[in-house]
Amino acid sequence: MHQPGRDVRIDVRSLGKSYGSVEALIDVTLNAKAGSVLAVLGHNGAGKSTLVDILATRSAPTSGEATVCGWDVTRFGRHIRRHIGMAGQFVGLDDSLSGRGNLILLARLLGASRKQAKERADELIALFDLTDAATRKVATYSGGMRRRLDLAASVLGRPDVLFLDEPSTGLDPMSRAALWWFIERLAADGTTVLLTTQYLEEADHLASDVVVLGAGRVVARGTPTQLKSSFGSRTATVTFADDTSMRRAIAVLGLAANPTADEARRTVTVPVTGAAGVTTLVRMLDAAGVFATDLTTAEPTLNDVYMTLHEHGWPAS
Amino acid sequence: MAGLMSRHALPARHDPRSYDPEATVTLYLRHNGYQPPQRQGPQWTGTRLSTQVAVLAGRSLRAAFSDYRLVFFGLLQPIVLLLLFSQVFSALGTLPGVAEYQSYLNFLMPATMVNIALATAMSSGVGLLAEVYTGFVGRLRAMPVNLLAVLMARTVSDAVRLAVQLAVAVLAAVYLLDFQPPNAMGTIAAMLLCVVFGWGLSWIFVALATWQHKPEIMHAASFVVMFPLMFSSSAYMPVNSMPGWLQAVSKANPVTYAIDATRALALGKPVGSALAMAVLLIAGAALLGGAISARNFRRTR
Ligand SMILES: Nc1ncnc2c1ncn2[C@@H]1O[C@H](COP(=O)(O)OP(=O)(O)OP(=O)(O)O)[C@@H](O)[C@H]1O
Ligand SMILES: [Mg+2]
């Protein structure tokens, strides 16, 4: 019998889920510790929401096992639901109530007294910048306002594990910054956060671990840094004064690397690896007698990782 | 330089305008005159079923009575029905089986009360479906909330709504239409019976809603159930005046018992076995509907 460590809050082993002939999840294994942020990435239909719904006990797996806070999701859902918060991909709010009314109602259902519920609602309404709309019916809210209220609702009970399915979809940059700040603070306080996202910089910024799903399977996993070093590389971009220099640079660099050129800007970009990468690049240009006006380097991003995984087909499938 | 080596100061991202979240958010919160909340607080992990039902029923009731147009037409509906039926069928007042009640209106009023109960029970199912579609119940599925509480809250709040409707309809019948119940106590007992009847029956429609998820089908099915039940009962005509086969149907129709009991209570006649039968049927409907709903509703796909 597999015995997870004490601080493993989410433990998923060989999880599978099929809807008739559609296999939404196949042999998914992952875990997350207390105070960590796990980002689940993947294309549309990769199985992200299916995974979240199973872990939040809204849906049942068809094979494998999963525990949340040490409880099995199929048998002890009622225990799990006491300790989790969830904001699904589609918001779950009562349109006929005000924003504040929604939060008060949900807090009361969780066990807050009337007074506690009001205080907590006001606290979260201020935090998610809904003060002006607090007493308006949710039916009159904009998409981003609904999303923010839904996120506020997910943390009402101060859960140990928080599931956020594409939390920043539809948020303006300011609200997204506030959300990131809030998630970081929750994690620092020991909350485990599992979030799905299409924004790779979000995963990069927040996640201690990343799992990439492709067609229901785990196709890559690791810390953002690990993923970037195995599936992406640093690049150097050199700018030239004229087209002739640029053409010669492409010819010279093409011998060693795979340069991409931006003719309009007269720039050439090549991957640079190892400690001496940039020096080698400059030497090659110098040896060929090509003069450059500028040189910048860039770190790989999760975007690069994602693109690489996509171009090469999903490795595990 | 060492002071700049914090995580946010590192030029890790390409975008030179990439922000420092801590600074941005603090600025934005200060702009709102907001003090960051305390990090720690009680963790809330759920409540008893009774609390859940009370909280959710309160929510439904507030919604039901918050729109005055909804309240107005809801209350007007039975009065219009009563007015129409009592005028169209007023000639039936002398029929044997009706004559003993002095007027057709007196005969009709208790049936209308049961009719209101039936209509409200039906709306429980339709209302529940509308609710399931909002996603609000989807959120409750991941919360420490017994989903039976959602169903119970629905039936309880609809029963309260029903009580208000019945009271208004009876008052309107007495003051506007010359309904003459012999005593107030009997009428109140009849209203109570109707509330309990409506509540029990609402479980059947709730069960229907948990089994059949399309509102259109719900409407059609409810319609098919409701009309034969009303017209094959003792609601509008005394059973004795019906064709033989319909009499048999009428005697098997649970609504007949509810109407007979209500009529006897409201008009001060001997109740006989109708009341016991009615209560038995209500309990049966509630138990059966409750069991089916409970089984269908939690089932995760
Ligand atoms: N109720 C359902 N019945 C049948 N198939 C389903 C159901 N829910 C999801 N699926 C299928 O399961 C697969 C995974 O869906 P899922 O919603 O988990 O994807 P996702 O990664 O969340 O996608 P997105 O980025 O678009 O939100 C898809 O092929 C989808 O069509
Ligand atoms: Mg999804």
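1. Domains of chain A. The domain assignment splits chain A into domain 1 (8-83 + 159-228) and domain 2 (233-299). Domain 1 is thus given as two stretches of sequence, 8-83 and 159-228. The centres of domain 1 of chain A and domain 2 of chain A, taken over C-alpha atoms, are 40 Å apart. Keep in mind that this is a predicted model.

2. The record for chain A. An unreviewed UniProt entry lists residues 10-240 of chain A under "domain: ABC transporter". In the model, residues 10-240 of chain A are 35% helix and 30% strand. The end C-alpha atoms of that span lie 52 Å apart.

3. The magnesium site. Which residues coordinate the magnesium ion (ligand 2)? The donors are A:Ser49, through OG, and A:Gln89, through OE1. The coordination distances run from 1.9 to 2.1 Å. A:Ser49 sits in helix α1 (residues 48-55) of chain A. A:Gln89 sits in the loop between β6 (84-87) and α3 (99-110) of chain A. The pair therefore ties together parts that are 40 residues apart in sequence.

4. Exposure at the magnesium site. Are the two donors buried, exposed or in between? A:Ser49 has a relative accessible area of 22%, so A:Ser49 counts as partly exposed. A:Gln89 is partly exposed too, at 26% relative accessibility. The cut-off matters here: buried means under 20%.

5. Transmembrane spans of chain B. For chain B, UniProt (unreviewed entry) lists "transmembrane region" at residues 70-93, 113-138, 159-177, 189-210, 217-237 and 274-294. Take residues 70-93 of chain B: the span is 79% helix and 0% strand. The end C-alpha atoms of residues 70-93 lie 34 Å apart. Residues 217-237 of chain B are 71% helix and 0% strand. For residues 217-237, the end C-alpha atoms are 30 Å apart.

6. A nonpolar patch on chain B. Which residues make the nonpolar surface patch of about 430 Å²? They are B:Phe65, B:Val156, B:Val160, B:Val164, B:Val196 and B:Trp199. Helices α6 (147-177) and α7 (184-211) of chain B each supply at least two residues of the patch. The largest share, 3 residues, comes from α6(B).

7. One patch residue up close. B:Val164 belongs to helix α6 of chain B. B:Val164 has a relative accessible area of 33%, so this valine counts as partly exposed. Patch residues need over 30% relative accessible area, and B:Val164 has 33%.

How values were computed. Residues numbered from 1 in each chain as written. Chains lettered and ligands numbered in written order. Predicted model: local features only at pLDDT ≥ 70, side-chain atom pairs only at ≥ 80, totals over all residues. Heavy atoms only, no water. Domains from an automatic or database assignment. Donors = N, O, S within 2.8 Å, 3.2 Å for Na, K, Ca; no water. Helix = DSSP H or I, 4+ residues; strand = E, 2+ residues; numbered from the N terminus. Buried < 20%, exposed > 50% of the residue type's maximum accessible area, 1.4 Å probe, protein only. UniProt positions renumbered as here; feature names shortened; annotations may be inferred. Patch = residues over 30% accessible without salt bridge, like charges linked within 9 Å, V, L, I, M, F, W, Y side chains within 5 Å. Areas by Shrake-Rupley, 256 points an atom, 1.4 Å probe, with all protein chains shown as cover. Salt bridge = Lys/Arg side-chain N within 4 Å of Asp/Glu carboxyl O.
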